[in-house]
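Colleague: I would like to go through the cysteines, the charge pairs and the charged surface of this model. Please give the reasoning before each value.

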Amino acid sequence: MLKRKIITKILLRGIILSCGIAGIAFMNHQRSAAENIPTNNIIHITQQLEDIKVIPDKYNTGIKGELIQAPAELIISGIKIKPSGGMDRKLDLFYQSAQFPQELVIENYDFSSSNFSIQNGEKLTNKVHLIFRNCKFQSLVISSGKNATSQFENCTFTHFSGSNANFNNCYFGSGTNGDGINPGENCTFTNCMVADLIHPADEANENHVDGFQIFGSSSGEDNVNIHLDNCRFEVPCIPFSKPSGALNCPLTMTMRYSNADNISFENCYINGGVYYAMMIRANNQTITNLSIKNIHLGGNSKNLYDCDGEFTKQLEENVSQTDRLYVSSVRKSEDGIHLRVSNDTRTKRKLRVVTNHGLQAPIVIPACPYGREIIEDSMLYNDFPFDVDVKIPDAEWVVCYDMTEEAIQIRFVNWSEKDVYLNSTTFQPVNIESTKTESQQFQIETETVKEKGTYTFTEKESVKGTQTFTEKESAKASESLSVLGVKVPKVKKVKGFKAKWKGKKLKLSWKKIGKIGGYQIQVSKRKSFSKSSKFTVSKSATSFRKKLKRGRKYYIRIRAFTYYKVGLYTKNVAYGKWVKLKKINYK
């Protein structure tokens, strides 16, 4: 209670610390101390982690647009995909190895009229890489060796099983009567969605399904190098007439025949399941190098099933119950803006949306039913409050709040080039031009900071929105955050930042920093960086290329960032200091 009183008092005084996530909710939902402008009763809205790394849903994963219906026999770059031994489509790698290019790209095809298999890759002596983009499959099976790798981008499947494959922005499910994913070895799944696996049917066909199951190979081959990052499993409890079969489980390791090594589940969302995770080792199989981090668990789930040892320990330490609404996709269409909203808590929750037109009317999202309490025989996946389509009028920007108990910012999308400011009491948009004075003074006060810090910004600085705290001011802000139990990590400054032309592109390079989340680069024609292009590159990168027009003056800077945990599960972002290139005319 003391912690909440401190937070409330700070908010009532209009103290908005510069932490990168604006809001009048808990201060531990804020980001690093160099991102916002502190103003009296005005909050500067900036992006949260969920805005940068979007939660997967049924809209932002899987196929998009019209596909080409694949004929019975399809020839691409001289390679045949054709039925063999029935109606199934097969891509035989070995018997076409002489014609196979090193990389084969297949785009915008619908293969879903029959099952699809990739075979005989284990017989290859040369390396072959397959890339499928925006393709639709029924069941996909890959039995290929390490010389044959496959990559799937924005594809849709009813089911996948196999090895040596990478999936990004893919959707698994679509009404299949079986598990969504059964990986063998060397598989990664990033930004993927598993949903809509099975519906209640007649008794003879009833069976439980799992969203993701490492089953083990009867041939004795171990399951190794399997990784999930930012994946979502919508596998709620669906009632059956035979309750013993209704054990739908999103995350399962059933090691009946083989061992498992180097397995990771990180930043995943679990919507339901009678049991949210299950592990069974039938014959004393071993599981080594297991990593479980940052798992968001919905209110529909019950508990663990038959789990023991390291699996249980990591789940208990890294799984947290969802405590708010979340918005995954925000998209524009001809009839307005569509929000995909999910309520995975056991209470109905209130969504409030602010746009440049003002504060929208409240929208109540129903509570999520809980596990075995679901008894309606007719209940289907679409009856759960997941990915609810909320439509609002077209706008330049959108800020979403869960205002059930207090205001918590959950999503922000800005299609304009303007900064967004709201009144912290009314949540109405604020035109910063109309609130400026010759000199604006702002204070930071907490019950444990004895000396008040008064910081002054000139009129020009306050309007343009390019200010950053000085080191002294950042220290004050960090001190205030520490009162609330928030420890903001320090991020190292980027060194060795250089630029040189490579053909028509400017190549930026720098020295790699260990243990960070990535790098942020800004390119602008203005010294103030008030209008700039922002780019995020991975933590392993040491260079970046950008096509620029020669003969113009550009300002370029870089900084590193890292993620850190605040509260139950919210991950925030801390930034290092900007490092600028010397102003140069690129000729």
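Colleague: Which cysteine sulfur is closest to the sulfur of C155, and how far away is it?

Modeller: This is a predicted model, and the separation is computed from its atoms. The pair does not qualify as a disulfide because the sulfurs are too far apart for a bond. The closest cysteine sulfur to that of C155 belongs to C170, at 4.9 Å.

Colleague: How many disulfides does the model hold by this rule?

Modeller: A disulfide needs two cysteine sulfur atoms within 2.5 Å. C155 fails this test, because its closest cysteine sulfur, in C170, is 4.9 Å away. Applied to the model, the rule gives a count of 0.

Colleague: Is C187 buried or exposed?

Modeller: A residue counts as buried when its relative accessible area is under 20%. C187 has a value of 0%, and C155 also comes out at 0%. C187 is therefore buried.

Colleague: Turning to charge pairs, how many salt bridges are found in the whole structure?

Modeller: The criterion is a side-chain nitrogen of Lys or Arg within 4 Å of a carboxyl oxygen of Asp or Glu. E107 and R133 satisfy it, with N to O at 3.7 Å. The search over the whole structure returns 11.

Colleague: How many residues apart are E107 and R133?

Modeller: E107 belongs to strand β6 (residues 103–107) and R133 to strand β9 (residues 128–133). Both are partly exposed, E107 at 39% and R133 at 28%. The pair links distant parts of the chain, and the separation is 26 residues.

Colleague: What does the salt bridge between D387 and R232 tie together, and how many residues apart are those parts?

Modeller: The closest N and O atoms of D387 and R232 are 3.0 Å apart. D387 lies in the loop between β34 (363–365) and β35 (388–392), while R232 is in strand β21 (residues 232–234), so the bridge ties together parts of the sequence separated by 155 residues.

Colleague: Are D387 and R232 buried or exposed?

Modeller: The limit for a buried residue is under 20% relative accessible area. D387 has 6% and R232 has 0%. Both are therefore buried.

Colleague: Which partner in the salt bridge of R324 and D323 is buried?

Modeller: The two side chains meet at 2.8 Å, N to O. D323 has 28% relative accessibility and so counts as partly exposed. At 10%, the buried partner is R324.

Colleague: Which residues are joined into one network by salt bridges that share partners?

Modeller: The D387 and R232 bridge, at 3.0 Å, has both its residues in this network. With the shared partners included, the members are K58, R232, E234 and D387.

Colleague: Which strand gives the positive patch its largest share?

Modeller: The patch includes K498, K500, K502, R545 and K547, among others. β41 (498–502) and β45 (543–547) each supply at least two of its residues. The largest share, 3 residues, comes from β41.

Colleague: Where is K493, and is it buried or partly exposed?

Modeller: K493 is one of the residues of the positive patch. Its place is in the loop between α6 (471–483) and β41. With 48% relative accessibility, K493 is partly exposed.

Colleague: What separates the C-alpha atoms of L508 and K546?

Modeller: L508 is in strand β42 (residues 505–509) and is buried at 2% relative accessible area. K546 is 38 residues from L508 along the chain. Their C-alpha atoms are separated by 8.1 Å.

Key
Residues numbered from 1 in each chain as written. Predicted model: local features only at pLDDT ≥ 70, side-chain atom pairs only at ≥ 80, totals over all residues. Heavy atoms only, no water. Patch = residues over 30% accessible without salt bridge, like charges linked within 9 Å, V, L, I, M, F, W, Y side chains within 5 Å. Areas by Shrake-Rupley, 256 points an atom, 1.4 Å probe, with all protein chains shown as cover. Lys, Arg positive; Asp, Glu negative; His and termini not counted. Charge placed at Lys NZ, Arg CZ, Asp CG, Glu CD. Helix = DSSP H or I, 4+ residues; strand = E, 2+ residues; numbered from the N terminus. Buried < 20%, exposed > 50% of the residue type's maximum accessible area, 1.4 Å probe, protein only.
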